[in-house]
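User: I should like to understand the terms used to describe a protein model. Please explain how each label is justified.

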Amino acid sequence: MVTQVRPRIGALVPLTRPGWVEAGRHLLAGLELAVREVNDAGGIAGRPLELVVRDTAADPQRAAAAVDELAALGVAALAGEYHSVVARTAAARADAIGLPFLCSSAVLDALTEQPTEWVARLAPPQSRGWQTYADFLLGAGHSRIAVAAEPSVYWASGARILRDHLAPRGGTVIELDMRALTPTAMCDELVDHRATALLLLVGHPEPAVPIVKSVRRDQRLAEIMIGAPAGQPEFAEWATLLGGDGAAIPFLRYLPERFGPLGARVETALRERLAEAPSFVAFEGYDTVAVLADVLRSHGTDRARVAEAWPRVEVEGTRGQIQFSRTPGISVWQWARTPIQVVDRDPADLDRFRILHAD
């Protein structure tokens with residue numbers, strides 16, 4: 001008698017510090033919910049789908065080791081990862097060993113150095129999202145924009161996208177190095193530069209939370225807008241740590257204005273699983289498994305066949321119809337029409353999000 005091997009998907013998720021643990025928890029909730037629903041519906045060719053989870057803790061080298069370990073365990077494909085710098089290392093390793101990787105959340109345009117057939121992505125590239133955010137800033141009347149930045153490929157890429165998009169339209173980007181400035185000294189710089197907006201290109205909760213508190217308490221900066229294009233205010237921890245100070249801080253979110261029937265059903269299930277409102281990251285996790293399960297059903301678990309299937313994917317996701325294509329300047333197979341919003345938390349109700357701009 002031949003024992004049938006369970007189809008396996010490897011999942012890379014930040015579950016411990018210094019990783020963004022709350023993002024990892026939401027990503028994993030979406031992945032696990034979708035796997036449960038796949039198995040409730042009969043699995044893959046009658047066999048239950050198994051999710052093999054590894055914690056990256058936002059460590060690129062740990063992620064690379066996890067890719068090798070999961071490959072050795074026989075996974076058909078990789079899913080997940082939230083942090084862009086970590087996902088870039090995982091994508092490079094997956095490409096090198098021929099393991100299909102559907103990246104859920106990371107946005108760096110250059111997810112791999114060279115074009116690859118092995119990697120696909122659901123999140124929009126950073127250039128598209130952050131250009132949308134720059135358009136929002138201009139539409140809101142902001143042309144002197146300061147960025148509180150830490151050293152990172154991700155933050156440097158974001159600052160470059162903003163500068164390149166704003167400069168031809170009369171905008172100025174002033175970079176403030178948060179390695180050299182305390183939050184109080186940064187407030188002095190904002191006054192000196194006459195900035196009308198401050199963008200947080202820094203980690204959460206440190207130093208993002210102390211920066212917000214300092215700006216909110218500085219009467220000279222009562223009119224300045226604080227923004228967070230990377231999405232720090234998306235998660236409940238932000239409102240818990242900052243209260244009303246965390247409201248009216250616009251950020252990027254990858255959700256449609258209205259959910260269809262699938263999205264509405266999944267939202268309800270995720271809310272029950274998380275015991276709080278699901279973030280866009282939870283929907284990214286669900287959609288990742290929905291795509292991979294569809295590919296495994298139609299093409300089997302052979303890794304080369306899985307990778308060859310990216311351009312033929314047509315899957316109903318929670319946020320729209322998912323298809324992958326080649327996008328100029330992007331090295332991986334890309335879902336080209338991920339919905340993008342700029343939203344903030346309503347000062348009158350911190351649990352309510354206001355849509356300020358959409359692409």
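Analyst: A helix here is a DSSP run of H or I with at least four residues. This model is predicted, and in it E37 belongs to helix α1, which covers residues 21–40.

User: Why is E37 called buried?

Analyst: The relative accessible area of E37 is 19%. Buried means under 20%, so E37, at 19%, is classed as buried.

User: Which residues does E37 touch, leaving aside those up to four places away in sequence?

Analyst: E37 touches R265 and Y286. Contact means heavy atoms within 4.5 Å, so each of these two residues meets that limit with E37.

User: What makes up the lining of the largest pocket?

Analyst: The lining consists of 27 residues, and W20, Y82, H83, Y154 and W155 lie nearest the centre of the pocket. Two elements, α3 (84–97) and α5 (153–166), give two or more residues to this lining; α3 gives the most, with three. The space in the largest pocket is about 600 Å³.

User: How many residues of that lining are nonpolar, polar and charged?

Analyst: The lining of the largest pocket has 18 nonpolar, eight polar and one charged. Trp and Tyr count as nonpolar, so W20, Y82, Y154 and W155 are among the nonpolar residues.

User: What lines the second largest pocket?

Analyst: The second largest pocket, with a volume of about 470 Å³, is lined by 24 residues, including R253 and R271. Its lining has eleven nonpolar, four polar and nine charged residues. Arg counts as charged, so R253 and R271 belong to the charged class.

How values were computed. Residues numbered from 1 in each chain as written. Predicted model: local features only at pLDDT ≥ 70, side-chain atom pairs only at ≥ 80, totals over all residues. Heavy atoms only, no water. Buried < 20%, exposed > 50% of the residue type's maximum accessible area, 1.4 Å probe, protein only. 1 Å grid on protein atoms, 1.4 Å probe; cavity = no way out; pocket = protein on both sides within 12 Å on 5 of 7 lines; lining within 4 Å. Points joined across faces, edges and corners; volume = space filled by probe spheres on them.
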